[in-house]
Amino acid sequence: MKLYYAPGACSLSPHIVLREIGLPFTMEQVDLATKETAGGEDYYIVNTKGSVPALMLDNGEVLTEGAAILQYLADLVPEKQLAPRAGTMERYRLMEALNYIATELHKSFVPIFNPAYEGAKEAAKNKLTAEFDYVDRQLSQKPYLMGERFTVADAYLFTVSCWIEAAGLDIRQWKALDQYRQKIAARPAVKEVLAEEGM
């Protein structure tokens, strides 16, 4: 498998999960401005969307969209219990959480990082504050997003929580989220990934 990534981008979450499951993989960095890979390839040939992450499977197929990649990886090594078994209500709860992170949290950062949305930054910060208020309430009741175990949803939530300071927000306003992020950052696989991506 090969993970196409950009340091600190949302591709951080499948990178974490790849380290957690322990299967062999390679990585290729993508310049998101030029859409060129570190090897000089036109990234649009790999992923016509031009975004990261993309996971090239051993058979040459390419899987895109973080939430799909995360679940695919978790299902490769079910004994790691990074996702509940498919078809269970717990799995649908996981999909619910991944969808919330993708559509409410992740996408709310777009105006922060894209200069084209200059006039929308303050509104985006207000929206993120309300959304992280909700996340903080959830984490004040349980150690991980889905309950007692680390799952792929935690890899994704950790990733977007790493952007809080870049949005001009202070994570210390969310005590449970702050403690949670520190706990996730201390996991051996996460420490390894953060070092690899220069974070």
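## Notebook: pockets, a helix and selected residues

I began with the lining of the largest pocket, which by class has twelve nonpolar, seven polar and three charged residues. I note here that the model is predicted.

**Entry on the largest pocket.** I looked up its volume and found about 640 Å³ of space in the largest pocket. The residues that line this pocket number 22, and those closest to its centre are Cys 10, Ser 51, Val 52, His 106 and Lys 107. I then asked which elements give two or more residues to the lining of the largest pocket. They are α3 and α5, the latter spanning 110–113.

**Entry on the second largest pocket.** I recorded about 240 Å³ of space for the second largest pocket. Its lining consists of 13 residues, and Glu 96, Ala 97, Tyr 134, Lys 142 and Leu 145 lie nearest its centre. Here the elements that give two or more residues to the lining are α4 and α6. Of the elements, α4 gives the most, with six residues. I sorted this lining by class as well and obtained nine nonpolar residues, one polar and three charged.

**Entry on the cysteines.** I returned to Cys 10, one of the residues closest to the centre of the largest pocket, and asked how many disulfides there are. A disulfide requires a pair of cysteine sulfur atoms within 2.5 Å, and by this rule the count comes to zero. For Cys 10, the nearest cysteine sulfur is that of Cys 162, 13 Å away, and Cys 10 is in no disulfide. Cys 162 is likewise in no disulfide, and the nearest cysteine sulfur to it is that of Cys 10. I also checked their accessibility. Cys 10 counts as buried because its relative accessibility is 14%, under the limit of 20%. Cys 162 has a relative accessible area of 25% and is therefore partly exposed.

**Entry on helix α7.** I asked how many of the ten residues of helix α7 (residues 152–161) are buried. Ten of the ten are, so the helix is largely enclosed by the rest of the structure. The buried residues include Val 152, Asp 154, Tyr 156, Phe 158 and Ser 161. I next looked up what the buried residues of α7 pack against, and found α1 (12–21), α3 (66–76), α4 (89–105), α6, α8 (175–185) and α9 (188–196).

**Entry on Glu 131.** I located Glu 131 in helix α6, which covers residues 121–139. Is Glu 131 buried or exposed? I found Glu 131 to be buried, because its relative accessible area is 5%, where under 20% is required. Leaving aside residues up to four places away in sequence, Glu 131 touches Tyr 100, Glu 104, Leu 105 and Ser 108. With Ser 108, the side chain of Glu 131 makes a polar contact of 3.1 Å.

**Entry on Asp 170.** I closed with Asp 170, which is found in the loop between α7 and α8. Asp 170 counts as partly exposed because its relative accessibility is 33%, which falls between the limits of 20% and 50%. The side chain of Asp 170 is joined to that of Arg 172 by a polar contact of 2.9 Å. I also looked up the separation of Asp 170 from Pro 53, a residue 117 residues apart from it along the chain. The C-alpha atoms of Asp 170 and Pro 53 are separated by 27 Å.

Note on methods. Residues are numbered from 1 along each chain as its sequence is written. This is a predicted model: local features need pLDDT of at least 70, side-chain atom pairs count only at pLDDT 80 or more; totals for chains, interfaces and linings use all residues. Side-chain values use heavy atoms; hydrogens and water are left out. Buried means under 20% relative accessible area, exposed over 50%, partly exposed in between (1.4 Å probe, protein chains only). Helices (H or I, at least four residues) and strands (E, at least two) are DSSP runs, numbered from the N terminus. A polar contact is a pair of N or O atoms within 3.5 Å; within protein, one must be able to donate a hydrogen and the other to accept it, and residues adjacent in sequence count only if both atoms are side-chain atoms. Contact means heavy atoms within 4.5 Å. On a 1 Å grid over the protein atoms alone, a cavity is a set of points where a 1.4 Å probe fits but cannot get out, and a pocket is an open set with protein on both sides within 12 Å along at least five of seven lines; lining residues have an atom within 4 Å of a point. Grid points are joined across faces, edges and corners, and a volume is the space filled by probe spheres set on the points. Ala, Val, Leu, Ile, Met, Phe, Trp, Tyr, Cys and Pro count as nonpolar, Asp, Glu, Lys and Arg as charged, and the others, Gly among them, as polar.
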